[in-house]
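Hello,

Here is the structure I said I would pass on. My notes on it follow below.

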Amino acid sequence: MKLKFEKKYIMIGIIAFFVIASSICFYYLVFHGDRFSAKINALMIIASPILYGIILAYLLTPIVNNLETNLLIPLFLKISADEEKKRKIMRFLSVAITIILVVLLIKGFFSILIPNLITSIRSISNQFPTYVENLIHFTDRYFENNPDIEKIFAQVLDTYSEQLNDFINNNVITRLESLVKTVSLSMIGVLKSLWNLIIGLVISIYVLFSKETFSGQAKKIMYAFFPTRTANGLIKDFRFVSDTFIGFISGKIIDSFIIGVICFAGTSLLKMPYALLISVIVGITNIIPFFGPYLGAIPSAILILMVDPIKCIYFIIFILILQQVDGNVIGPKILGESTGLSGFWVIFSITLFGGIMGIPGMIIGVPFFAVLYAMAKRIISRHLTQKGLSTVTKDYMNLEYIKGYEFVPKDDGVKKKFFKLSIGKKSGSKPDHKKEEDKSE
């Protein structure tokens, strides 16, 4: 006797299984979240070389594509050979050139940076007593000219000196040993990350060689499990996500490099101490949107303050001007409208993802939230269009209610009164306030 399985009951069984499994996972996540996060972290540590390889391949893909499109394809069109063989040779050359260029750029950057950093750090450590003396001399002169401020400062120092001593003795000194352990463990972590990065670079080469195959397999899976229309929409959304991420991150790296170069030129002309070190700090922190420039300017200003307090003021003014130029001229030219987010949503996304993921979250938070924002906007617009309503936000700003398809605005008496008053002033006639009050009543 053959068993007959109806498709309807099979689907009900599959849905019931997924509902029960999801309920179990939700219960485990709520009541045993620490174990779940520990296992996720352990899995991420194991898979980190693969993740590094995929991320590197994703970031290097635009360079590989540009090399093939603009350099290698025009060269190989003149060669008469098998098409498949041509593609393999072109891909090998484009990947090899990309890896060589990236390695040379990194090597050149660090070969210039590290000796200067070592020189700057040695100079800071050797000259630190002199910097302290300069700072004390500057504060003494300032207090001599401002005796009232000196009295206030002395009172504050007397009030909190005992608390400061207790804090240093009970907290700072006792935690120095744990700090040394943390630093040593972090150094081991850095070495492990470098090793994982090297393995990731090797994996990225394999991913770059087979990126069309992976893309084809992903599309194949989508068209197999989703309706054609849904699959088309998903592929379009993934392209949008990729363009947003790669456009923002690559644009921000270029923008930060330009800001670092301009900062080095400006600080060198102004004869600031540690010009290269400060420019590197400002350039690297500039990758973080909105908060990055300030995060880089604070330690740089402290370094200059120890050497020359007056130059510290010049540096702060220079950085404020530089960030205005970056925010209004350089940034928009390079990034364009890659995110499409207002200032509020930029701060919101940086704060939210920075709190969740730290520094990496602050960097990728803006493009990630831009993707979510654009998708939500697309879904809302589609539903409004289905209802025959406007998708323009300005049409809803002064809206009271919708009657059929007609937008009825608010009856704002204050605006009408102001409008009539302004017309009366322009025409030279005095407005009758009694009549206006009667009308408003």
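Is Pro367 buried or exposed? Pro367 counts as buried, because its relative accessibility is 0%, and the cut-off for buried is under 20%. Please keep in mind that this is a predicted model.

Pro367 sits in helix α11, which covers residues 359-386. Setting aside neighbours within four places in sequence, Pro367 is in contact with Thr244, Phe245 and Phe248. Thr244 is 123 residues away from Pro367 along the chain, yet the C-alpha atoms of the two are separated by 6.3 Å.

For the chain as a whole, the figures are as follows. The chain has 441 residues, and 23% of them count as buried. It contains 14 helices and two strands. The accessible surface comes to about 32,300 Å², and carbon and sulfur atoms hold 69% of that. Among contacts with a separation of 6 or more, 59% are between residues 24 or more positions apart.

Next, the salt bridges. The search of the whole structure found four of them. Side chains of opposite charge can pair when their charged atoms come close. Three of the pairs are described here.

- Glu68 and Arg91: the closest N and O atoms of this salt bridge are 2.6 Å apart. Glu68 belongs to helix α2 (residues 33-76) and Arg91 to helix α3, so this pair ties together parts that are 23 residues apart in sequence. Glu68 and Arg91 are both buried.
- Lys211 and Glu212: their side chains form a salt bridge, with 3.1 Å from N to O. Lys211 counts as buried because its relative accessibility is 18%. Glu212, at 44% relative accessibility, counts as partly exposed.
- Asp255 and Lys252: the N to O distance in this salt bridge is 3.7 Å. Both residues lie in helix α6 (residues 228-269), where they are three residues apart, or about one turn of the helix. Asp255 is buried, with a relative accessible area of 1%, and Lys252 is buried too, with 11%.

Which residues are linked in a network of salt bridges? They are Glu68, Arg91, Lys211 and Glu212. The network therefore takes in Lys211, which is buried at 18% relative accessibility, and Glu212, which is partly exposed at 44%.

The last item is on the surface. A nonpolar patch of about 710 Å² is made by Phe138, Ile310, Ile313, Tyr314, Ile317, Ile321, Val325 and Val329. Which helix gives the most to the nonpolar patch? Helix α9, residues 309-335, does so with seven residues. Phe138, also part of the patch, is found in helix α3, which spans residues 83-145. Phe138 has a relative accessible area of 36% and is therefore partly exposed. That value also fits the patch, because its residues need over 30% relative accessible area.

If you want to look at these places in turn, I would go in the order used above: Pro367 in helix α11, then the Glu68 and Arg91 salt bridge, then the Asp255 and Lys252 pair in helix α6, and finally the nonpolar patch, to which helix α9 gives the most.

Regards

Methods
Residues are numbered from 1 along each chain as its sequence is written. This is a predicted model: local features need pLDDT of at least 70, side-chain atom pairs count only at pLDDT 80 or more; totals for chains, interfaces and linings use all residues. Side-chain values use heavy atoms; hydrogens and water are left out. Patches are made of residues with over 30% relative accessible area and no salt bridge: like charges are joined within 9 Å, nonpolar side chains (Val, Leu, Ile, Met, Phe, Trp, Tyr) within 5 Å. Accessible areas come from the Shrake-Rupley method with a 1.4 Å probe; for residues, only the protein chains shown count as cover. A salt bridge is a side-chain nitrogen of Lys or Arg within 4 Å of a carboxyl oxygen of Asp or Glu. Helices (H or I, at least four residues) and strands (E, at least two) are DSSP runs, numbered from the N terminus. Buried means under 20% relative accessible area, exposed over 50%, partly exposed in between (1.4 Å probe, protein chains only). Contact means heavy atoms within 4.5 Å.
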